[in-house]
Amino acid sequence: MAQTIELAQTGKRDHLKALEKQYQDRWQSERLFEVNAPAPVDIAGLSAAEVKEKYPKWFGNFPFPYMNGSLHLGHAFTISKIEFAAGYQRMLGKRVLFPHGFHVTGMPIKASADKIIREMELFGQDFENFEEVQAKIDAEKELKEAEAEAATADKTKAKKGKIVAKSTGLTYQFQIMESIGVPRAEIKKFADPLHWLTYFPPIAIEDNNAFGSRIDWRRTFLTTKANPYYDAFVRWQTNKLYKLGKIKFGERYTIYSPKDGQPCMDHDRQDGEGFGPVEYTGIKMEVVDWSPAAKEALEGKVGGRKIFLVAATLRPETMYGQTNCYVGPAIKYGVFAINDNEAFVCTLRAARNMAFQGTITPRGHIEQLAEIAGSKIIGTKIKAPFATNPEVYVLPMDSVLPTKGTGVVTSVPSDSPDDYQTLMDLRKKPEFYKIDPSWASIDPVPVISTPTYGELTAPTIVKQLKIQSQKDTKQLAEAKEIAYKEGFYNGTMIVGEFKGQSVQDAKLKVRDSMIAAGLAFPYAEPEGLVISRSADECVVALMDQWYLDYGEASWRAQTEGLLAKMNTYTPETRNAFEKTLAWLNKWACARTYGLGSELPWDPHFLVESLSDSTIYMSYYTVAQLLHEDSIDGSKPGPLGITPEQMTDEVWEYIFCNGSFPSPAPLPREKVDALKHEYEYFYPFDIRSSAKDLVPNHLTFALYNHAALFPEDKWPLSMRTNGHLMLNGKKMSKSTGNSLTLREAIEKFGADATRLSLADAGDGLEDANFEEKTANANILRVHTLLGWAEEMVKDEATLRHGPRNYHDEVFEQEVNDLINITQSHYEATNYKDALKYGFYELQSVRDWYREVTSDVGMHADLVMYWIRIAALLVTPVAPHFAEHLWSGILKQPQSIQLALWPTPLKPVDRNLIEAGNYMRGTIKTIRDAEASLLKMMSKAKGKKAPEHLFDPKKPKAVRIYVATAFPDWQDSCVQIVKESYAEEADKVDDARVKELLIENGLIKDKKAMPFIQAFKKRMAQFGASTAFRRTLPFSESAVLQEILPYLKKSLNLSDTEVLSVDEARQKEGEPGYTKSIIDSSEPGNPAFEYRNV
């Protein structure tokens, strides 16, 4: 079982946490994160563009969390994307709005409250009888399991179920409440759904403040009627959508919970979020002659009804080619009464769906007349509607699933690879499958002709893919996809009423014709397992309901126009939106159970949770004036506006430039104050979310903005991220691998947690919060603060006066990192911003400290580094930054008010390259010595050659600097240059070969590897940089600067730098090796150790 780590020592962490609390209190007392639009008088007469330039703003938000528990680390990960961005945008001098509301709409809270009521009835008010009652329940369960084991002789399944149940330990809602820190004596209060609304939001606020979030809490709110102001806002939204024809009423398929008696939308689900209805054609295949086993099992049980095996198909147009029917031998089927005259054979799961689709009468009633094993149905003769062969037999198919369709499968081997291969297997081994060979004697019947595969698509593809058995599941899946796509897009009907028509045109016509003839019926089911919050397996119901007409052509086109203008940061996110817009369809927007705002024109319905949360970002802009510091709206804001005064006409005036109502429910100047805030802050600049909200919430937000708001108020950008893993594994309470936000802060402190969240990743792949990284960050931050404190204290002892070469390089490297870090903050790539603005910044300081160890660091540059270190990490680790800024550098204002540092002059790239050159050269020389030592240790015991250098004896190094490349290399570079097409940014390899032949270099073994390496350099650094082979600095001069450090760090007796020309004049003398001298190239000096 995976567990989170335990910290051995906490002294450093506790010190940092105390600092964090100190600065959080300061930020709160100074109200630093409360932001308002500029006063009307300040922007009077300015155009929108002028306001934007003079008073820039930034508004970022994320999906408000659901308040049925505390915030976990996954919430914190999503929050952090906006939190880091808010910190950065503040440093650009913008008015930054980062609000945070609380979602309480829907079923989860009500369902949990109802569970607590039932558990109190079962175990007592404080669950004091739990152990006693549970023992009785367990005893009864074990008795039933023992009886079942005795009946089935299978002793593994029940025990496995018990082990799994015990491993989680959270069977009941009251246990879940205890696991998240609610005292048992308090749990009974949660039987009232409204208690959840007052309990969890304050905890979330406390946790965010302890995290250091830059949130304007004046603007927070609850959804539903719990906040009458927000309720009025939702009323305006739904009324307007209704008037625009976007909300409609009608019969449609929806995911439905029979237990709850209402639709079960995405956020009402325990499992199966994102699954929608899949529509099939139910094929009625009347039983002509039962198999003997089935006849005996069903004798006298069906009440004289006609019996039909029913199959669910997505391809009704292929029914002409049915040669048999398949059932799963191991599946238990039911015979269900459809009405007084008919009964269907299918799975119970399918019957539950039919019961809510008007197929079974009365609605919702399931009457099972009998149960029968699939193995007993084999050999039954049935009618095949529309088929060339009117009567066929039922055959076995092991791959039939009880969890998809009806458990009965029509067989069309001409166009279904699975059907064809199974038929072939049955024909090969009839005795093995216990069938009469005559039952499988009908050959595939051509139904559809395709240009690629002719009239027998499935047999042709099976042969091409060399499929040998129905157990070749991978190849069969590939064959199925090929066959279905080819048939649908390119197929032509060659039989039946619609012969000569394309499959695309004929499909629905065949379906309608079969239904009209009473041989088929519409059928739908969830595309996967959907479990409601009340633990009910959901079905698809056909019902009259209010729905949002997503997918309607003109609305979809308008929304696609919005998406085209919106920044999505990655192609993957844009593709996800485009795919969603391609399939998203009508969405049930009302329910009768749970918490929510009433549907204005039909009050016994409530607006469902994904429909009252699509444009609430606009509500943030006015919330603080309606109910400042009052989450439920019980305390009117500074304007004294009441909820009743917020009529639809007032909202329309604020958000959509509607006419001001007359008579007005409140003074116009108050409404104008609301409009002023909205006009300044909207549209929002960015919304950040987990990627799994693209198929619902985020796309709904686009649709609703497109319908309700003028174009200049449409969202500017949305970014998405993957889910957060913990220690490389999925977070799970049952395995102990989970952390709430509060637990993470208590364990590591706010900044160590924040640094690790930034380091976890930014892309759409799942990110990873590594606790070891968080723990290491505690030491890193503590050490950095200690070093900075020591430097400021000892500033007088640091070097002052003129700057040397290393000072200049260091300053340029710091300035370069400022610019690189800013580019990553702009792109919302926080992992890379942290890499360069935190880790790399420390690395260049470490090098500077080392390379100047003989003379010491310059005081001005040390102070500059500390200042820049504070500023660059402020968005991610503000407490650490604040202590550097206020506590150590003694700046009077909070770092939350500081601006991003901008270097006064462009970065000198020559000095940057010189710095990289110095570090690279030192590393190469060190690595060479290490290699020599390793080589000597391997040769231990053997007599070493007398001339071999011994690193253990006093030593010196001679460095050879080349000013020109070898002629053959220059020739190769010229060949690449002549073969390079600048517009296409591509090297013509055929041309390279021609020129190598012309220049007599084709047989030179060094030429082609060099050219390949050079092309890689072109790809890495760009063609112009690669072709410019001269160094932008003097190698000899730079090497002279690092000789003192080199001599000291490698414990050398002597160091000297010679040009290749100088060295060649001494060839033959001891310590001057020709091969080493010749290996020197510009930028890659050669060097030679010697003993002295």
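Into which domains is the protein chain divided?

**Figure 1. Domain 1 and domain 2 of the protein chain in the predicted model.** The chain is divided into domain 1, which covers residues 277–526, and domain 2, which covers residues 945–1091. Between the C-alpha centres of domain 1 and domain 2 there is a distance of 73 Å.

**Figure 2. The packing of helix α29 with helix α30.** Helix α29, made up of residues 805–826, packs with helix α30, made up of residues 830–851, at an angle of about 175°, and the axes of the two helices are 8 Å apart. Because angles over 145 degrees count as roughly antiparallel, α29 and α30 are described as roughly antiparallel to each other. On the side of α29, the residues that meet α30 include H806, D807, F810, E813, V814 and L817, and further along the helix I820, T821, H824 and Y825. Among their partners in α30 are Y830, D832, A833, Y836, G837 and E840, together with L841, V844, R845, Y848 and V851. Sorted by class, this contact between α29 and α30 consists of twelve nonpolar, four polar and five charged residues.

**Figure 3. Aromatic pairs that involve helix α11.** In the model the count of aromatic pairs comes to 76. In one of them, the ring centres of Y230 and Y619 are 5.2 Å apart and the ring planes stand at 90°, so this pair is edge-to-face. Y230 belongs to helix α11 (residues 228–243) and Y619 to helix α22 (residues 616–627), so that the pair links distant parts of the chain, 389 residues apart. Y230 has a relative accessibility of 0% and therefore counts as buried, and Y619, also at 0%, counts as buried as well. A further pair is formed by W236 and F709, whose ring centres are 6.4 Å apart and whose planes stand at 70°, so it too is edge-to-face. Here W236 lies in helix α11, while F709 lies in the loop between α25 (694–708) and β24 (718–721), and the two residues are 473 residues apart. Both W236 and F709 are buried.

**Figure 4. The surroundings of W290.** W290 is located in the loop that runs between β6 (277–289) and α12 (292–298). Is W290 buried or exposed? With a relative accessibility of 17%, W290 counts as buried, because the cut-off for that class is under 20%. Leaving aside residues up to four places away in sequence, W290 touches K295, L298, I307, L309, V345, I377 and T380. The C-alpha atom of W290 is separated by 8.3 Å from that of I382, although these two residues are 92 residues apart along the chain.

Definitions and conventions:
Residues are numbered from 1 along each chain as its sequence is written. This is a predicted model: local features need pLDDT of at least 70, side-chain atom pairs count only at pLDDT 80 or more; totals for chains, interfaces and linings use all residues. Side-chain values use heavy atoms; hydrogens and water are left out. Axes are lines fitted to C-alpha atoms, for helices over the stretch in contact, and angles run from 0 to 180 degrees between N-to-C directions. Helices (H or I, at least four residues) and strands (E, at least two) are DSSP runs, numbered from the N terminus. Angles under 35 degrees count as roughly parallel, over 145 as roughly antiparallel, 65 to 115 as roughly perpendicular and the rest as oblique. Contact means heavy atoms within 4.5 Å. Ala, Val, Leu, Ile, Met, Phe, Trp, Tyr, Cys and Pro count as nonpolar, Asp, Glu, Lys and Arg as charged, and the others, Gly among them, as polar. Domain bounds come from an automatic or database domain assignment. Rings of Phe, Tyr and Trp (its six-membered ring) pair if their centres lie within 6.5 Å; planes under 30 degrees apart count as stacked, over 60 as edge-to-face and the rest as tilted. Buried means under 20% relative accessible area, exposed over 50%, partly exposed in between (1.4 Å probe, protein chains only).
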